[in-house]
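Dear colleague,

Here is the structure I said I would pass on. My notes on the helices and the sheet follow it.

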Amino acid sequence: MAKGYWVSVYPAISDPERLTAYDKMARPAVQAGGGHVLSRGSRVVAHEAGITQRVVLIEFDSFEQAVAAYESEAYQKALVALPDGVERDFRIVEGID
C-alpha cells in the first residue's frame, strides 16, 4: 500500500510565535492520525521556483490515512488556531509504493 504525505510550505509567516498555538494542537492531532514528522523547519536548498521558507513533511502509512487525519475533528480544530498572516501551501500526496 502506498504511503501518504502531507507537504506544507510556508511562503510567509508574519508572527512566528502565534504559529506555536497551531503547532501545539496540530502535533497531537497528527500523531493520533498516525502521522510521523519527517522534516519540520529543517535546512532547505531551493531550486527553480522553490522557496527556502519553512517546510514540513509528514508521512502516513497510507494516502487514505493522510486524508482522514486532515479531516479529523482534532486537526480541524488546530486549523482554526492557524493565525492570520500565515501563508501556507498545503497538499496531501500519495507515494508510489
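**Helix packing and the sheet**

The axes of α2 and α3 cross at roughly 55° and come within 5 Å of each other. Angles from 35 to 65 degrees count as oblique, so α2 and α3 are oblique to each other. The contact joins Ala69, Tyr70 and Glu71 of α2 to Glu73, Tyr75, Gln76 and Leu79 of α3. Please bear in mind that this is a predicted model.

α3 also packs against α1, at an angle of about 175° and with the axes 8 Å apart. Since an angle over 145 degrees counts as roughly antiparallel, that is the relation of α1 and α3. On the α1 side the residues in contact are Arg18, Ala21, Tyr22, Met25, Ala26 and Ala29; on the α3 side they are Ala74, Tyr75, Lys77, Ala78, Leu79 and Ala81. Tyr75 and Leu79 of α3 thus appear in the contact with α2 as well as in the contact with α1.

Now the sheet. It is open and has 4 strands in the order β2-β3-β1-β4, with antiparallel pairing. β2 (36-40) and β4 (86-94) are the edge strands; each has a single partner, so one side of each is left without a neighbour in the sheet. From one strand to the next the twist averages 15°. β2 and β3 (residues 55-60) run antiparallel and are joined by 4 bridges. In this pair, histidine 36 stands opposite glutamate 59 of β3.

Two helices pack on these strands. α1 (residues 16-32) touches β1 (4-13), β2, β3 and β4, and its direction makes about 170° with that of β1. α2 (residues 63-71) lies across β1, β3 and β4 and runs at about 150° to β4.

Some further points on α1. Its buried residues are Leu19, Tyr22, Asp23, Ala26, Ala29 and Val30, and they pack against β1, β2, β3, β4 and α3 (73-81). In an α-helix, residues three or four places apart point the same way, because there are 3.6 residues a turn. The helix bends by about 30° at tyrosine 22, a residue that is buried and is also among those meeting α3. What span should the 17 residues of α1 have at 1.5 Å a residue? The expected value is 24 Å, and the end C-alpha atoms are 25 Å apart, which agrees. After α1 comes glycine 34, with a positive phi near 90°.

Regards

Key:
Residues are numbered from 1 along each chain as its sequence is written. This is a predicted model: local features need pLDDT of at least 70, side-chain atom pairs count only at pLDDT 80 or more; totals for chains, interfaces and linings use all residues. Side-chain values use heavy atoms; hydrogens and water are left out. Two strands pair if DSSP finds at least two bridges between them. Axes are lines fitted to C-alpha atoms, for helices over the stretch in contact, and angles run from 0 to 180 degrees between N-to-C directions. Contact means heavy atoms within 4.5 Å. The expected span of a helix is 1.5 Å times one less than its number of residues. The bend at a residue is the angle between axes fitted to the seven residues ending there and the seven starting there. Buried means under 20% relative accessible area, exposed over 50%, partly exposed in between (1.4 Å probe, protein chains only). Angles under 35 degrees count as roughly parallel, over 145 as roughly antiparallel, 65 to 115 as roughly perpendicular and the rest as oblique.
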